[in-house]
Amino acid sequence: MEAVGYSLCRIWLFFLLFWLGQGRQMAPPGFVESSCHSRIFWMKLNKLLLQGKFFQLEINDPYAGPVLLDEKLASRCGYVLSEDVWGNPIFRASVLGCHVANEADELFSLTVNIKVSSFSSMRAAVTYTYPMYCSYSSWASREIVCEENYMEVSVRTDVPAVSNDYTVAWMSALPETQNVAYQLWQLMFVSPSGRKRITVSDAAKLGYSFNNTLSRVYLRAPYHSNESDVSVVSGVNMNMVTSTSMYRQRWLLLLIDTTVSCPVDGISFTDTTLTWTVPSVIPTLVVQESTFLSKSILMGADGQVIVNPEEKNYLLEHNETQIRITIPIGAEGGKLKSSISGGVYGVIYSIDLFLEHTWTDADWQTTKYTVIKSITTPFMPQTPTVINNTLPEERLFHVAFGHFLPDVSLVAIAIGNVPFTLREAQHHGFKIYEIPFSNRTKGFILEVSFDDPYVLKEYVNRNETKYTLLVNYTISVGPEMTPYYHSTEVECVIADIELPEAAGYCDEENLYLAIPTFGLHQYWNLYLGNKPLNRHVALTHGYLAATNSTHLLLQIPLFATGVIYEEVSFQKIKARFDVALRKVRTMETLQMFSVSCNFNPSAFIICHPDGTVMISAQMKTIPAIDMSKTKLRDSSCKPREYNEGHAFFKFHVTTCGTSVRFEGDHIIYENEISYEKETLPGQSIPTITRDPDYRLTVLCYYRAKETVVLGAFASDPSTSPPFGSGRMVPRSSSAVYRRIRQALNVVSRVSKDESFMEFYEPNVAILKRLVEPVFLEVELKDESPAAELYLENCWVSGSLDFNSTPRWNINGSEYVAEFCPVAVSPRVRNPSHFKRLAVRTLTHQLQQVYVHCLVAACSPTNVLPGSPCRGHCSSSRERTAFPGHRLASLQGYMLAGPVWIVDPDLR
C-alpha cells in the first residue's frame, strides 16, 4: 500500500510539471547549458542567440507558479544573474534556494522560464522552460558559500524527522509542518550596536532568508546589512554576520551557530598579474584555532575545478594566514577585452574564479568554505605601436600597426589627411591586411609606395629626399564598436637625387655655362650673388639664355654685370663668372658653377665695385705717341704699364681729378687720358709740335641703388653690389659741355679727447697707447644747412697711399670704432655736416697708421629715388658702427694721421 501511495505521488508531480509546461516551448539547441558544481546550479545562455533581443528569467515556484527574478529576490533567495567574461548571461542558484525542490537533501531541482522578446517591454515574448537537476549528498557539518550578492551558511542539525517513509499522507502534511516549524524559529544577531532577537518573518523583511530542511538549517544574508560588521583578517576586509538560530518548542530548545563571514576585497593588481587573497583562518568561524587543520584547497575558473593550476600558469599558494591565487594578465580561462577610456586605447582582463577551502576543527568537525569571485582589472592603457619596416630599396612604406585583441577591427584610414574606406584604399592602390601575432593578438599592415601622390616629399641635405607618410587609423573597438583614432608619421630619407654638374667654355668675347635643368625650381634655384638668376635678370645684365629639354645655356659677355675679374693687365684679363646652386627653401648654397677664361682684348675699361677703375687704352695716332707720357687729369696719375700702342691705368674714382655727376638713376665718374705734347722752340711764336692733340674720355657708370660701398665698414663679399659699366670716348677738338660736379670739400682732424674741443696740428705725429681711442672728426665744408655728411667706408693702413696694402677694415678683427654724438655749439652750427668717431686698435702695437675714409653727402639738389637722404636719419647701425646707407655717390675722400700706436709703458 505504501508503494502504491508513493507511485501516486510521482504521478501527481508529473501532472503538475505537465500543467506548468502548457503554452511554453523547449529551448532551442545550443541556447542553454547547465551543470551542477558542488551544491550550486549553473546555467549559461548563448549570447549569440540573444543578439538584438531582450530576455528575463522567471523562477517556477512549485506551489505559487512563476516568479520574476529581480535583484532583491536574487540576494534573498540565493540566485545570481550576471555575465561571464565572454558576455554570456550566467544564472547560478544555491540548492537551498527559495524555490528549489528538495528531496531528502540529496536531490534538487529547479525550473526556470527564459522569456525572450524583440522589445524592451517584453511584449510578444517567447518563453522557454528549462528544468535543472542537481545531486549532492556529501554535505559537510557546516558549509559556507560567499556569492557575489549574498552570504549563505548551512549547518547540519539533529532535529528528528517524522518518518523515513514518503507516504501520500506525509507529503500532504509536510507544508503545514514546515510552516509551523518556521514560525517557531528565532534569530539572535550580535553586532557592534548590541544584540537583536527577531523572528524569522521579521528577518525576511530585512533581506535575510532562514529555513530548515530535513537535516540542515541555513541562513542567507545580504552583504553590508545593519546587523553585519566589517573586520580585517590577515589584511583582507571581511563582512561578517554573527548570529544564533534558536528553535523553541515546549520542552525542546535548539541553539545553532549560523555565523557567516565572507571577504569583500583582497584583490590587488600589477602591470602583469592579479592576485586574490583570502584568509586561511577566519577567527569568527574557528573559535579554537589550535584545533584548526586545513584539509584541502581547490581553485577553479569559469565554473571548472583546476586540478593542476601551474599548467595554466596560475599560482596557488597558502600559508598559516593567507591563501593567494595569482593569475597572469591575459592567462587562459579569463578574457582580455579592448576598451576606450578618455580617447585612450587599453585593455581590461576579466576572470571568474572560485576557491573551495575545507578544514576541520574541534567545534565543527568539517567546514567547506566556498568563495565565488568575478575579477576585472582596472583599465590598462596600451598605446598601439607603429613598427616601421619600410623598404627603401623598393621605395615602399611597410608599416605595422598593433598589437590589438581580436575584438578590434580596422574600419577606415586617412593618408595625408585624405580619408579612405578600406575598399577605397584598396582600389587606390594601398595594400592593407591583417597579420596575427604569437601572443593571440593581431596587427594591421599598410603598404604605400613612395611615389604615391599622397606621400609628402621634401628635398633635404644635398641629394636626398625625405618621404613622409601621414596616417590616421580609425578602428572599431569591442562589441560596442567604439571608434578609436590613432595618428602616426613615418619618414624615410634616401639619396635619390643627383646634383647637376655644369660645363663651361669661352670664345673671344663671351663666357658660356651649360647647366642641367633637372630639379631647377623644384629642388634648387640659380643665384647670381644674392639675386635669383631668372630671365629678367639675364636680359637686364645682357646675358643670352637658351634652354632645351635637358640644359640651360648662358652666354655672358666679357664685360657684362656679374663677371669677376681675377687678374687684369694691359696684356690680358682673367675673368670668371659664378652661378650659385641654392636650395629653394633654405637658400643653402650647394654648389658653385664657375667658368674662368683668359681674354686678350685690345682695349677695355673695368669699373670695380669699390670704385677702382682699370683702363687699357689703345691709342692709334699718326704719328705715334709715347705712351709713357700719357696721363689722367691729375698729371701725377701715370700709366702703370704701357707698350707701343697701349697704356694701362689703375686709379680710384675719388682720385686723379675724377669728376662725378648724376644722370637719372646712375652715378657717372669721368676722367680723361691725355698726352703731354712736346714742343720745339721755333724762330718765332707759335711753337712747333709734331705730336697730335689726343684726348680719351673714360666714363664709369654705377646704378645709384646698387652703390658698391654698403657701409662705412667692409661687408660680406657675397653681398657686394655688381661692377659698374665703363665707356671710353675719344674727344674731338670741339668743346664738349657737361655738367661736372667736383669732389666734396671735406676736412678731417684728430681731437685730443672726446670733447672735440682741442685738435692736433696737421701732419704732426700723434702717439696713442694700445687702449686709447683716436678721436676723429670729419667736417663737410658746405654752406647748405640741408646737406648731410656720411662716411661710406673707412679703413686703416700704414701709408698715405689710397691703394696701399695691407689695409685693415674698421670693425674687423684689428680695429673697432664707435660714433660719437654731435651737438650744436659755437663751432658747430650744422651737426649734419659733422661725423665723429672713436677708433681703437685691438692688436697692433708700435706701428704708424693712417685712417682713410670715403665720404658722401646728401642735399636737396642730389637726392635720388630710393636714396636714404630723402628725409631719413641715420640708420640703426650708425649707433654702433658706421651708417649703412646705399647712397648715390662716392663724392669725397679724407685722410687722417699719422698716428703711432705705442706700448702703454712707453709713454
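Patches here are built from residues with over 30% relative accessible area and no salt bridge, with like charges joined within 9 Å and nonpolar side chains (Val, Leu, Ile, Met, Phe, Trp, Tyr) within 5 Å. Accessible areas come from the Shrake-Rupley method with a 1.4 Å probe, and for residues only the protein chains shown count as cover. By that recipe, L298, V305 and V307 make up a nonpolar patch on the surface, and together they have about 270 Å² of accessible area.

A word on the input. This is a predicted model, so to speak of local features takes pLDDT of at least 70 and side-chain atom pairs count only at pLDDT 80 or more, while totals for chains, interfaces and linings use all residues. Residues are numbered from 1 along each chain as its sequence is written, and side-chain values use heavy atoms, with hydrogens and water left out.

Back to the patch. V305 sits in strand 23 (residues 304-306); strands (E, at least two residues) and helices (H or I, at least four) are DSSP runs, numbered from the N terminus. How exposed is V305? With 48% relative accessibility, V305 counts as partly exposed, on a scale where buried means under 20% relative accessible area, exposed means over 50%, and partly exposed is in between (1.4 Å probe, protein chains only).

**Disulfides**

Searching the whole structure turns up seven disulfides, each being a pair of cysteine sulfur atoms within 2.5 Å. Three of them are set out here.

| Pair | S to S distance |
|---|---|
| C36 and C134 | 1.5 Å |
| C607 and C700 | 1.9 Å |
| C637 and C656 | 2.0 Å |

Take C36 and C134, whose sulfur atoms are 1.5 Å apart. C36 belongs to strand 1 (residues 32-37) and C134 to strand 9 (residues 126-135), so this disulfide ties together parts that are 98 residues apart in sequence. The two ends have their own burial classes: C36 is partly exposed at 28% relative accessibility, whereas C134 is buried at 4%.

Next, the disulfide between C607 and C700. Its S-S torsion is about -85°, so it is left-handed. C607 is in strand 48 (residues 604-607) and C700 in strand 57 (residues 695-703), so the link ties together parts that are 93 residues apart in sequence. Both C607 and C700 are buried.

Then there is the bond from C637 to C656. What is its handedness? The torsion about the S-S bond is about -90°, so this disulfide is left-handed. Loops hold both cysteines: C637 is between strand 50 (630-631) and strand 51 (641-642), and C656 is between strand 52 (646-652) and strand 53 (659-663), so the pair ties together parts 19 residues apart in sequence. C637 and C656 are both buried.

Two other cysteines have accessibility values too: C492 is buried with a relative accessible area of 9%, and C820 is buried with 18%.

**Salt bridges**

Side chains of opposite charge can pair when their charged atoms come close. The rule used is a side-chain nitrogen of Lys or Arg within 4 Å of a carboxyl oxygen of Asp or Glu, and the count comes to 28 salt bridges.

One of these joins E152 and R220, with the closest N and O atoms 2.8 Å apart. E152 is in strand 11 (residues 151-156) and R220 in strand 15 (residues 216-221), so to say distant parts of the chain, 68 residues apart, are linked. E152 and R220 are both buried. D578 and R576 also meet through their side chains, at 2.8 Å from N to O. Here D578 is buried at 13% relative accessibility, while R576 is partly exposed at 22%.

A third example pairs R749 with E779, their closest N and O atoms being 3.0 Å apart. R749 is in strand 59 (residues 746-751) and E779 in strand 61 (residues 774-780), a link between distant parts of the chain, 30 residues apart. Both R749 and E779 are buried. What else do they connect to? Salt bridges with shared partners join R749, E777, E779, R827 and R836 into one network.

**Cavities**

A cavity is a set of points on a 1 Å grid over the protein atoms alone where a 1.4 Å probe fits but cannot get out, and lining residues have an atom within 4 Å of a point. Six cavities of 30 Å³ or more are counted. Grid points are joined across faces, edges and corners, and a volume is the space filled by probe spheres set on the points.

The largest cavity has a volume of about 70 Å³. Its lining includes E772, Y815, R840, T841 and I901. Strand 65 (834-841), strand 66 (847-858) and strand 67 (892-902) are the elements giving two or more residues to that lining. Strand 65 gives the most, with three residues.

Methods: On a 1 Å grid over the protein atoms alone, a cavity is a set of points where a 1.4 Å probe fits but cannot get out, and a pocket is an open set with protein on both sides within 12 Å along at least five of seven lines; lining residues have an atom within 4 Å of a point.
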